[in-house]
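Here's a quick briefing to read with the model open beside you. Have a look at the fold, then work through the topics below.

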Amino acid sequence: MPSNHTASTSEPDFDEIDLWDDEDQNTDDDVTTGELELEDRHALRRVAGLSTELTDVTEVEYRQLRLERVVLVGVWIGGSVTDAENSLTELAALAETAGSQILEGLVQRRNRPDPATFIGRGKVEELGAVVRETGADTVICDGELSPSQLRNLEQQVKVKVVDRTALILDIFAQHAKSKEGKAQVELAQLEYLVPRLRGWGESLSRQAGGAGGASGGGVGLRGPGETKLEIDRRRIRTRIARLRREIKAMKTVRETKRARRTRRAVPAVAIAGYTNAGKSSLLNKLTNAGVLVENALFATLDPTTRRAYASDGRIYTLSDTVGFVRHLPHQIVEAFRSTLEEVAEADVVVHVVDGSHPDPEEQLRAVREVLAEVGADRLPELLVVNKTDAADEETLLRLKREWPDAIFVSAHTGRGIDELRTAIEGRLPRPAVEIRVTVPYDRGDLVAQVHRRGEVLSTAHTGEGTQLHVRVDEALAAELSPWVTG
């Protein structure tokens, strides 16, 4: 039995190979999968001025970001000026993650965003002057713009305008690796794109059939026909329907794996939290998972499930999930719903908060908002404040007063990890059936299963066999029933 309670590198237990998610076991002690992924990601960087427009179904206008030199714009509606600045700072971090260079940031105080251009007329003129002065080629707005706001703002500032939603979708598209993750991101992008399609010049020409008639069509085919814009919109909707079917099929596979773990009564722990709060780092510390770790927003998107051992030998799973952010696009939540359901089906949610963040309380609120959307707000929650090595003492003291039950850790230094592991074990569901059995020595396999799946309260060796006082699930209790002693 492992003594360090980390992920095993031996053959999978329970006689099934696909009980755990893909890439469950890390068998290379020198170079982890995450380190290889990080090296590969850093090997590819954008080159300013070089791009290739897509000519597929979205050729009318895909709004490919090509973020290089950008100006940020925000509207301060409510809260303090610090809240507005924190939001714009986070937007800058998102833009840098997408590969851009930040030139300037502007914030306007308004009761509500302008329905025509998001910001007021005077601020539009100021924004245009800043764009010309800095030589920016993109403006990023801290909010989701309507199609008319997007069009009007672009016409007045004369450069490409991108909103917060498109920016996050671009980052997701860069970082998705698995087939399911890529399909989810493409679905979110297309759903965002449909209402924002615009025709350009000949793209508005109408399609007509036949070889006769002044209107370009034969009998029964004369008329306005179908615009190129309408054709693209129809093709995109066809692609959306296909993606939804594919994701539904992948969801079935995920549910099958989860059902097998449930039948085996394997407790599930989900690690959720704000993006870049250190969820993957904690998973690596707790299980030696070796997943990718990078100081960037949304560095990992694909969920990772690893097994861990409690101090009494029981097995449970730890699942890392996609990170959250304030104003997480609705399209992302819907597209990633099957992935986020891993959280909703867990027995315990380990909610990770970045203690070094300027506004950890807002992180907590934003994450709980998304958890409520997927039905995970009623699960037992273990609050964990990470990055204590980088946080100032005043902030930590304030958070300890506000969250007295939270565990304060540092995945970087390892401080508090043992306390966290103990806290997780204390919140794992206990097996339902408590029994006393004397298992014959020739049934050592059952004793091993008890240690893996149950809670051993006491053990002794007698002439008849191994005497156990245990708590186990109902299925294992039925297997042990022939040797029950009381």
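Helix axes here are lines fitted to C-alpha atoms over the stretch in contact, with angles from 0 to 180 degrees between N-to-C directions. This is a predicted model, so bear in mind that local features need pLDDT of at least 70 and side-chain atom pairs count only at pLDDT 80 or more, while totals for chains, interfaces and linings use all residues. Residues are numbered from 1 along each chain as its sequence is written, and side-chain values use heavy atoms, with hydrogens and water left out.

**Overview**

- The protein chain has 15 helices and 15 strands, taken as DSSP runs (H or I, at least four residues, for helices; E, at least two, for strands) and numbered from the N terminus.
- Of its 486 residues, 52% count as buried; that means under 20% relative accessible area, with exposed being over 50% and partly exposed in between (1.4 Å probe, protein chains only).
- Take the contacts (heavy atoms within 4.5 Å) between residues at least 6 apart in sequence: 71% of them join residues at least 24 apart.

**Helix 2 against helix 5**

- Helix 2 (residues 81–98) packs on helix 5 (residues 164–175) at about 35°, and their axes are 9 Å apart.
- The crossing is left-handed, which is to say that the near helix is turned anticlockwise from the far one by less than a right angle.
- On the helix 2 side, the residues that meet helix 5 include Leu91, Leu94 and Ala98, and their counterparts in helix 5 include Leu167, Ile168 and Ile171.

**Around strand 11**

- Strand 11 (residues 381–386) is largely enclosed by the rest of the structure, because five of its six residues are buried.
- Strand 10 (residues 348–354) runs parallel to strand 11 and is joined to it by six bridges; strands count as paired if DSSP finds at least two bridges between them.
- Val352 has Val384 in strand 11 as its bridge partner.
- Between strands 10 and 11 the chain goes through helix 11 (residues 360–373) in a right-handed β-α-β crossover, meaning that the path from the first strand over the helix to the second runs clockwise with the strands pointing away from the viewer.
- Strand 12 (residues 407–408) also pairs with strand 11 in the parallel sense, over two bridges, and Val385 stands opposite Phe408 there.
- Helix 12 (residues 393–402) completes a right-handed β-α-β unit with strands 11 and 12.
- Asp405 sits in the loop between helix 12 and strand 12 and is exposed, at 64% relative accessible area.
- The C-alpha atoms of Asp405 and Leu383 are 7.4 Å apart, with their positions 22 residues apart along the chain.

**Nonpolar cores**

- The largest nonpolar core (buried Ala, Val, Leu, Ile, Met, Phe, Trp, Tyr and Cys residues joined through side-chain atoms within 4.5 Å) has 80 residues, and Phe172, Phe298, Phe324, Leu420 and Ile424 touch the most other members.
- Helix 6 (residues 179–193) gives the most to this core, with seven residues.
- Leaving out residues up to four places away in sequence, the contacts of Phe172 include Val185, Phe298 and Leu301.
- A second, separate core has 19 residues, among them Ile119, Val124, Leu127 and Val159.

**Two more buried spots**

- Buried residues in helix 14 (residues 444–453) include Leu446, Val447 and Val450, and their cover includes strand 9 (315–320), strand 13 (433–439) and helix 15 (474–480).
- Gln108, in strand 2 (residues 101–109), counts as buried at 14% relative accessibility.
- Beyond neighbours within four places in sequence, Gln108 contacts residues including Trp76, Ile119 and Lys123.
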